[in-house]
Amino acid sequence: MRIRDLVGIEELKLTLLAGEEHLDRDFTGVQITDLPDPGRYLSGGELVLSGLMWRTGPDDSERFVGRLAEAGVAALGAGSAWLGTVPDDLVEACRTYGLPLLGVPVEISFRTVAEMAAPRHVELRDALGRHRRIVTAVAEGAGLTELCALMDEELAMTGAVVSATGAVIAGVLDQADAVRLAHEYLSASRLPHAVRTPAGTFTLFGVGREHRAAGWALVCGGDLLNEADLGFELAACVALERTRAEEGRRVERRLAEQLIALACSAGSDPAELNAGLRTCGIGPAEPYSVVNATVVRPGVNQGPDPAKLGGQVLEELLRPRVVAAAGADGAVALVPLAGTAGELAETLRAGTRALEAGLPGIRVSIGVSAALSGPSAIRGGAEEAGHARRLAEARGGAVVTSDEIYTHALLLATVPDDVRRSFAARLLDPLFDYDRRHHSDLVRTLGTFLDCVGSWNACAERLHVHVNTVRYRIHRVEELTGRDLSSMADRVDLFLALRAS
């Protein structure tokens, strides 16, 4: 510890009486003594504290200080309880020998000075000071980038913020590490959570949002599980900055909600719609897609609202480009297209896979419209995205584009689950029962026969059986179902039943 640091401890009220030029000198320990010649008990580098009981006259000061300088003492602390003051001859002797002299007030015991001078105390005090500087900077408006830089400068600690899907919100972090840490954040049974990676050890703290799928993780370099209070305080700083950003996004969401409602109403004003598109960052002739999303956790009765959580997840998947307005039929966002609607869907699929890998119980359903242009297309795009999202829900969670909805799949997705199951069971249960009892393969043969457009030879070749085997199996299917597979209507019924099962 340096003499300067000791003098800087306000609680000690130490006074520097000599040796200003040696304040950066380190001392290694504290020795309390009132022996006239303590040199034999000193090894060098100490801070000596003395009550001056050895002094009987001015000459004693030069003799005492000389012995200390000879022993290599770092500094002298003098109490005034015995003499009522620190004598000038002691001050002069310390100046002569280049020994820093500190005046210790009567009300401060030498034991207190020794305890406060312990290296661990100074370390904690300095850490507290650095921590306070960080908190103060954030309170005064420092952003997340500045916060991560301060963590590096003040705490010598890696600092970064990542989203649940592995996007680096702030700080410097390798993308592969960010994805791995995001997965650890999602799958951890509790937070904070320490992670050991080839790049080092990190501790993860959760930031904001009621559900991890839409949350952030504060990444702190090192294992802070035994110093979690520091991490919690830093995470609170990140949460404060996120709350600030949310205030602005709340207004943007309201504008997006008004735009979609206006576009879907009759007689909407094109000028107003164009103005609304511009608030979403979309020019009059620029392409965009409408995206609809819900997120649920099956089996959880009191989870977050699917549309609200869907909007939060959508914003994280596409940040910082979009805001999503949560409505009665999912969260809706207008997304500017840098490429194609298919590329947007792939981006969403990658993020969805990351979420579902970390939270296996979650179900993300997203519908993506075709590429659109101009305000008049918003209404149709919203309908497309809604149909696609409902088809995604029917599949148990997925990303579905408008290209997929103009098929029988959309019709099946709009049929209530119980009706769809009943329809499939009515036609196919006899076949499933027969297969179980006879270890046969009627259901698979039926599906292959329909995929081969009723071709006996193509079906036999695909199943690697004789064509007569196919004829026999199809005959059994017709007997068990009461349907005629030479009839197009009956083929359609069975085809839809297979898709609905």
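The following exchange examines how several assignments in this predicted model are justified.

User: Why is Cys-148 not counted in a disulfide?

Analyst: A disulfide requires two cysteine sulfur atoms within 2.5 Å. The closest cysteine sulfur to that of Cys-148 belongs to Cys-220 and lies 9.0 Å away, which is too far for a bond. By this rule, the count of disulfides is zero.

User: What makes Cys-148 and Cys-94 buried or exposed?

Analyst: The term buried applies under 20% relative accessible area. Cys-148 has 6% and is therefore buried. Cys-94, at 1% relative accessibility, is therefore buried as well.

User: Why is strand 10 described as largely enclosed?

Analyst: Strand 10 covers residues 216-221, and six of its six residues are buried, so the rest of the structure largely encloses this strand.

User: Which residues of strand 10 point one way, and which the other?

Analyst: Trp-216, Leu-218 and Cys-220 point to one side, while Ala-217, Val-219 and Gly-221 point to the other, and all are buried. Side chains in a regular strand alternate between the two faces of the sheet.

User: How do you know that strand 10 pairs with strand 6 and strand 9?

Analyst: Pairing needs at least two bridges between the strands. Strand 6 (residues 159-163) shares five bridges with strand 10, in the antiparallel sense. Strand 9 (residues 200-207) shares six bridges with strand 10, also antiparallel. Ala-217 of strand 10 has Val-162 opposite it, and Gly-206 also stands opposite Ala-217.

User: How does the span of helix 12 relate to the expected value?

Analyst: Helix 12 (residues 378-394) contains 17 residues, and from its first C-alpha to its last it reaches 24 Å, close to the 24 Å expected at 1.5 Å a residue. Its buried residues include Ile-378, Glu-384, Arg-389 and Leu-391. After the helix comes Gly-396, with a positive phi near 85°.

User: What makes the nonpolar surface patch, and where is Met-53?

Analyst: Met-53, Trp-82 and Leu-83 make a nonpolar surface patch of about 330 Å². Residues of such a patch have over 30% relative accessible area, and their nonpolar side chains are joined within 5 Å. Met-53 is located in the loop between strand 3 (46-50) and helix 2 (58-71).

User: Why is Ile-3 called buried, and how far is its C-alpha from that of Val-368?

Analyst: The relative accessibility of Ile-3 is 0%, so this residue counts as buried. Ile-3 belongs to helix 1 (residues 3-7). The C-alpha atoms of Ile-3 and Val-368 are 67 Å apart, and the two residues are separated by 365 residues along the chain.

Notes. Residues numbered from 1 in each chain as written. Predicted model: local features only at pLDDT ≥ 70, side-chain atom pairs only at ≥ 80, totals over all residues. Heavy atoms only, no water. Patch = residues over 30% accessible without salt bridge, like charges linked within 9 Å, V, L, I, M, F, W, Y side chains within 5 Å. Areas by Shrake-Rupley, 256 points an atom, 1.4 Å probe, with all protein chains shown as cover. Salt bridge = Lys/Arg side-chain N within 4 Å of Asp/Glu carboxyl O. Helix = DSSP H or I, 4+ residues; strand = E, 2+ residues; numbered from the N terminus. Buried < 20%, exposed > 50% of the residue type's maximum accessible area, 1.4 Å probe, protein only. Expected span 1.5 Å × (residues − 1).
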